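Reader: I should be grateful for a reasoned account of the model shown below, taken from the overall fold down to the ligand shells.

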Amino acid sequence: MTAESDRLTSQPERLYAVVPCAGVGSRAGVEGPKQYHPVAGRPVVAHTLAALAAVRRLHGVMVVLSPDDDRFEAVAPAHPPGWAVRTGGASRADSVAAGIRALRERGAAPSDWVLVHDAARCLIQPAWVDALIDACLLDPVGGLLALPVADTLKQSDGGRAVSTVDRQGKWAAQTPQMFRLGVLADALDHVGSAVTDEASAIEAVGLSPRLVPGHFCNFKVTWPGDFALADQLLPSLAGQHGDMSR
Ligand SMILES: Nc1ccn([C@@H]2O[C@H](COP(=O)(O)OP(=O)(O)OP(=O)(O)O)[C@@H](O)[C@H]2O)c(=O)n1
Ligand SMILES: C[C@](O)(CO)[C@H](O)COP(=O)(O)O
C-alpha cells in the first residue's frame, strides 16, 4: 500500500473498489476478452485501473479475473500483489460477490464502502469517481453514476416498434456503484446471480440508491464500434478531469 493509503487507515471507514474483469466480451467481436483489447495504445483494463489508481480516497482496488486468465499480470504489472483474484464467476454478479469476499479476506469491514466499476468502462475519469464519492459518502444507502434517458424509448417485437415507453424518470445505469460492503454482500446473496448491477440488488432489499449524474463518455465498451469510439475520446478526456458537463 502507498503512504497515502497508510494515512487513510486511521479513518473509521475505508473505501475500496472492486473491478469485475472476468467477462468474455461475446458482443464485442474481437479475439479474446474485450478487456484486453487495445484502445488508445493500451488494453481496455489498463486505462480503467490507471483512472482508479488516481482516486486518492480509494484504499485498494480488487480486480476479479476469470480462473483461466493468463494476461492480467503482463497488462498491469504495477498492480499490487494480492489485489487480483482468479475467482470470477459465470455472471457479473458472481464475480462481484467474489471480489467482495476477497476484500473481506484482506481485512475490509462490513461498514466500509465498496465502489464496483466495470473493467470495460475504460473512459472513467478520477473526477467522476470523486463526484460519486462526494455524493454518497453521507448518504444512508449509497448510489451510482447514471444518466437520464435522452431518447424516445421503443418497445420492440420482432424488430418492429410496438409501443413507446414513457421515458419520464428513467435513467441509464453506469458504474461505479457505491454501497456499504456488508449491505451489498447481503443484498447480492439475497438476489442471486441474475442481477446486472449492484443497484438492482440493493433495490431488491427495499433500499433506493442515489442517482448521481454521470458522463455520456463513461460508456461500457460492448459492441465492435465502441473500441474506435474509445480510441478517439480517451486522449481528449485526459485533459479535462474536472468537467462533468456534456
Ligand atoms: N461473468 C462475468 C461477466 C462480466 N464480468 C465483467 O463485468 C463487466 C461488464 O460486463 P459486460 O460488459 O457484460 O462484459 P462481458 O460479459 O464480458 O460481455 P458480453 O455480455 O458481451 O459477453 C465487464 O468488465 C466484464 O469483464 C465479469 O467480471 N464476470
Ligand atoms: C453494471 C452495468 O454496467 C450498468 O449499466 C450493466 O448493468 C452491466 O450489464 P451487462 O449485462 O453485464 O452488460
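The exchange below treats the fold, the sheet, selected helices, backbone geometry and ligand surroundings of this predicted model.

Reader: How many helices and strands are there in the protein?

Author: The model is a predicted one. The secondary structure of the protein comprises 8 helices and 11 strands.

Reader: What radius of gyration does the protein have, and what does the globule rule give for 246 residues?

Author: The C-alpha trace extends over about 55 × 40 × 35 Å along its principal axes. For 246 residues the globule rule gives 18 Å, and the protein is as compact as a globular protein of that length because its radius of gyration is close to that value, at 18 Å.

Reader: Among contacts between residues at least 6 apart in sequence, what percentage join residues at least 24 apart?

Author: Of the 246 residues, 41% count as buried. Among contacts between residues at least 6 apart in sequence, the share that joins residues at least 24 apart is 70%.

Reader: In what order do the 7 strands of the open sheet stand, and which strands are at the edges?

Author: The sheet is open, its pairing is mixed, and the order of its 7 strands is 5-4-1-6-10-7-11. Each edge strand has a single partner strand, so one side of each is left without a neighbour in the sheet; these edge strands are strand 5 (84–85) and strand 11 (210–213).

Reader: Do strands 1 and 10 run parallel or antiparallel to strand 6?

Author: Strands of a sheet pair through backbone hydrogen bonds, in either a parallel or an antiparallel sense. Between strand 1 and strand 6 there are 4 bridges, with Leu15 opposite Trp113. Between strand 6 and strand 10 there are also 4 bridges, and Val114 has Phe179 as its bridge partner. Strand 1 is thus parallel to strand 6, whereas strand 10 is antiparallel.

Reader: Which residues of strand 6 are buried on each side?

Author: Strand 6 comprises residues 113–116, and both of its faces are covered. One side carries the buried residues Trp113 and Leu115, and the other carries Val114 and Val116.

Reader: What is the bridge partner of Leu144 in strand 10?

Author: Strand 7 (residues 142–148) runs antiparallel to strand 10, and 6 bridges join the two. In strand 10, the partner of Leu144 is Gln177.

Reader: Which peptide bond is cis, and what is its omega?

Author: Most peptide bonds are trans. The cis bond here joins Thr175 and Pro176, and Pro176 lies in strand 10. Its omega is about 10°.

Reader: Where does Ala40 lie, and what is its phi?

Author: Most residues other than glycine have a negative phi. Ala40 is found in the loop between strand 2 and strand 3 (42–43), and it is partly exposed because 18 other C-beta atoms lie within 10 Å, under the 20 needed for burial. Although Ala40 is not a glycine, its phi is positive, at about 45°.

Reader: How far apart are the end C-alpha atoms of helix 8, and what span should its 13 residues have?

Author: Helix 8 covers residues 225–237, and at 1.5 Å a residue its 13 residues should span 18 Å. Its end C-alpha atoms agree with that expectation, being 19 Å apart.

Reader: Which residues of helix 8 are buried, and which strand is included in what covers them?

Author: The buried residues of helix 8 are Asp226, Phe227, Ala230 and Leu237. Their cover includes strand 2 (38–39).

Reader: How many residues of helix 2 are buried?

Author: Helix 2 (residues 44–53) is mostly covered. The buried residues include Val44, His47 and Leu52. Of its 10 residues, the number buried is 8.

Reader: How many residues surround ligand 1, and which are the closest?

Author: Strand 1 (15–21) and helix 4 (92–105) each supply at least two residues of this shell. By class the shell holds 9 nonpolar, 9 polar and 5 charged residues. In total 23 residues surround ligand 1, and the closest are Pro20, Gly23, Ser26, Arg27 and Ser95.

Reader: Which strand gives the most to the shell around ligand 2?

Author: The shell around ligand 2 consists of Arg92, Asp118, Ala173, Gln174, Thr175, Thr196, Asp197 and Lys220. By class there are 1 nonpolar, 3 polar and 4 charged residues. With 3 residues, the element that gives the most is strand 10.

Note on methods: Residues are numbered from 1 along each chain as its sequence is written. Chains are lettered from A and ligands numbered from 1 in the order in which they are written. This is a predicted model: local features need pLDDT of at least 70, side-chain atom pairs count only at pLDDT 80 or more; totals for chains, interfaces and linings use all residues. A residue is near a molecule or strand if its C-beta atom, placed from the backbone, lies within 6 Å of it. Ala, Val, Leu, Ile, Met, Phe, Trp, Tyr, Cys and Pro count as nonpolar, Asp, Glu, Lys and Arg as charged, and the others, Gly among them, as polar. A residue is buried if 20 or more other C-beta atoms lie within 10 Å of its own, exposed if 12 or fewer, and partly exposed in between; C-beta atoms are placed from the backbone. Two strands pair if DSSP finds at least two bridges between them. The expected span of a helix is 1.5 Å times one less than its number of residues. Two residues are in contact if their C-beta atoms, placed from the backbone, lie within 7 Å. The radius of gyration is taken over C-alpha atoms; the globule rule is 2.2 Å times the number of residues to the power 0.38.
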